[in-house]
Amino acid sequence: MQIGLKARLRLISLFPIFILIGVASYYVYDSYIGYDSAIKLQSKLEENKKLNELIGDISRERGMTVMYMGNSSEATAESLKSQRAIVDKRVNAYIQHLKSTQSLHNHSGEGICFACKSIKSLEANYSTIKEVRPLVDNQNVEFQEIFYDIYGNAQKL
C-alpha cells in the first residue's frame with residue numbers, strides 16, 4: 001500500500017504542528033501544576049498566620065487567667081473578659097477559614113483530612129476552655145488543671 005505524494009506532504013507538514021501542540025500542552029500543564037501549588041501554599045500561609053494569632057491570644061488568656069486566680073481584682077477580671085472575647089473571635093475566624101478554604105482540604109485518598117482533624121481538635125479544646133471559664137470566675141478550679149491540662153493541651157493543637 002503506497003501513500004500518495006499529496007498525503008506524504010500533508011503528513012510532513014502536520015508533524016511539526018503536532019509536536020508544537022504537544023510541547024505547548026506540556027508547558028500549560030506544568031504551569032497549571034505550579035499555579036495550583038502556589039494557591040495551596042498561599043492558603044497554608046494564611047492558615048499559619050491565623051493559627052499563630054490564635055495561639056498567641058490563647059496564651060494571653062492563659063496568663064490572665066492565672067493572674068486572675070492569684071489576684072482576683074476587678075481590673076484583672078475586666079481584662080480577662082476582654083481577652084476571652086478576643087479568643088472567641090479568633091477561634092471562630094480560624095474555624096471559618098479552615099472550613100471555607102477548599103485548598104486546605106484533602107478528601108481524596110485514605111485517612112482523615114488534616115484540616116478536618118484540626119477543626120475537630122480545636123473545637124474539642126475550645127469547648128473545654130469554655131466549660132472551665134465559669135469555674136475560673138468562681139475560683140473553683142486548681143491552678144495545675146487550668147495552666148497545664150486545659151490551656152497547655154489547647155496550645156498544642
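Buried means under 20% relative accessible area, exposed means over 50%, and partly exposed lies in between (1.4 Å probe, protein chains only). This is a predicted model, in which local features need pLDDT of at least 70, side-chain atom pairs count only at pLDDT 80 or more, and totals for chains, interfaces and linings use all residues. Residues are numbered from 1 along each chain as its sequence is written, and side-chain values use heavy atoms, with hydrogens and water left out.

**Exercise 1. Describe the overall build of the protein chain.**

Step 1. Helices (H or I, at least four residues) and strands (E, at least two) are DSSP runs, numbered from the N terminus. The protein chain has four helices and zero strands, in the order α-α-α-α.

Step 2. Set the radius of gyration (over C-alpha atoms) against the globule rule, 2.2 Å times the number of residues to the power 0.38. A compact globule of 157 residues would come near 15 Å, while the protein chain has 28 Å. Its C-alpha trace spans about 100 × 30 × 20 Å along the principal axes.

Step 3. Turn to burial: 26% of the 157 residues count as buried.

**Exercise 2. Classify Lys44 and Glu47, and state how they are joined.**

Step 1. Lys44 has a relative accessible area of 39%, so this residue is partly exposed. Glu47, at 5%, counts as buried.

Step 2. A salt bridge is a side-chain nitrogen of Lys or Arg within 4 Å of a carboxyl oxygen of Asp or Glu. Side chains of opposite charge can pair when their charged atoms come close. The closest N and O atoms of Glu47 and Lys44 are 2.9 Å apart, and the two form a salt bridge.

Step 3. Both residues lie in helix H1, three residues apart, about one turn of the helix. By the salt-bridge rule, the count comes to nine.

**Exercise 3. Find salt bridges that link separate helices.**

Step 1. Glu53 and Arg90 form a salt bridge, with their closest N and O atoms 3.1 Å apart. This pair links distant parts of the chain, Glu53 in helix H1 and Arg90 in helix H2 (residues 74–100), 37 residues apart. Glu53 is partly exposed at 30%, and Arg90 is partly exposed at 33%.

Step 2. Asp88 and Arg133 meet in a salt bridge of 2.9 Å, N to O. Asp88 is in helix H2 and Arg133 in helix H3 (residues 114–137), so the pair ties together parts 45 residues apart in sequence. Asp88 is partly exposed at 22%, whereas Arg133 is buried at 9%.

Step 3. Salt bridges with shared partners join Glu53, Asp57, Arg60 and Arg90 into one network.

**Exercise 4. Work out the aromatic cluster in helix H4.**

Step 1. Rings of Phe, Tyr and Trp (its six-membered ring) pair if their centres lie within 6.5 Å; planes under 30 degrees apart count as stacked, over 60 as edge-to-face and the rest as tilted. The whole structure holds four aromatic pairs.

Step 2. The ring centres of Phe143 and Phe147 are 5.3 Å apart and their planes are at 15 degrees, so the pair is stacked. Both residues lie in helix H4 (residues 143–156), four residues apart, about one turn of the helix.

Step 3. Phe143 and Tyr148 form an edge-to-face pair, 6.5 Å centre to centre with 85 degrees between the planes. Phe143, Phe147 and Tyr148 form one aromatic cluster.
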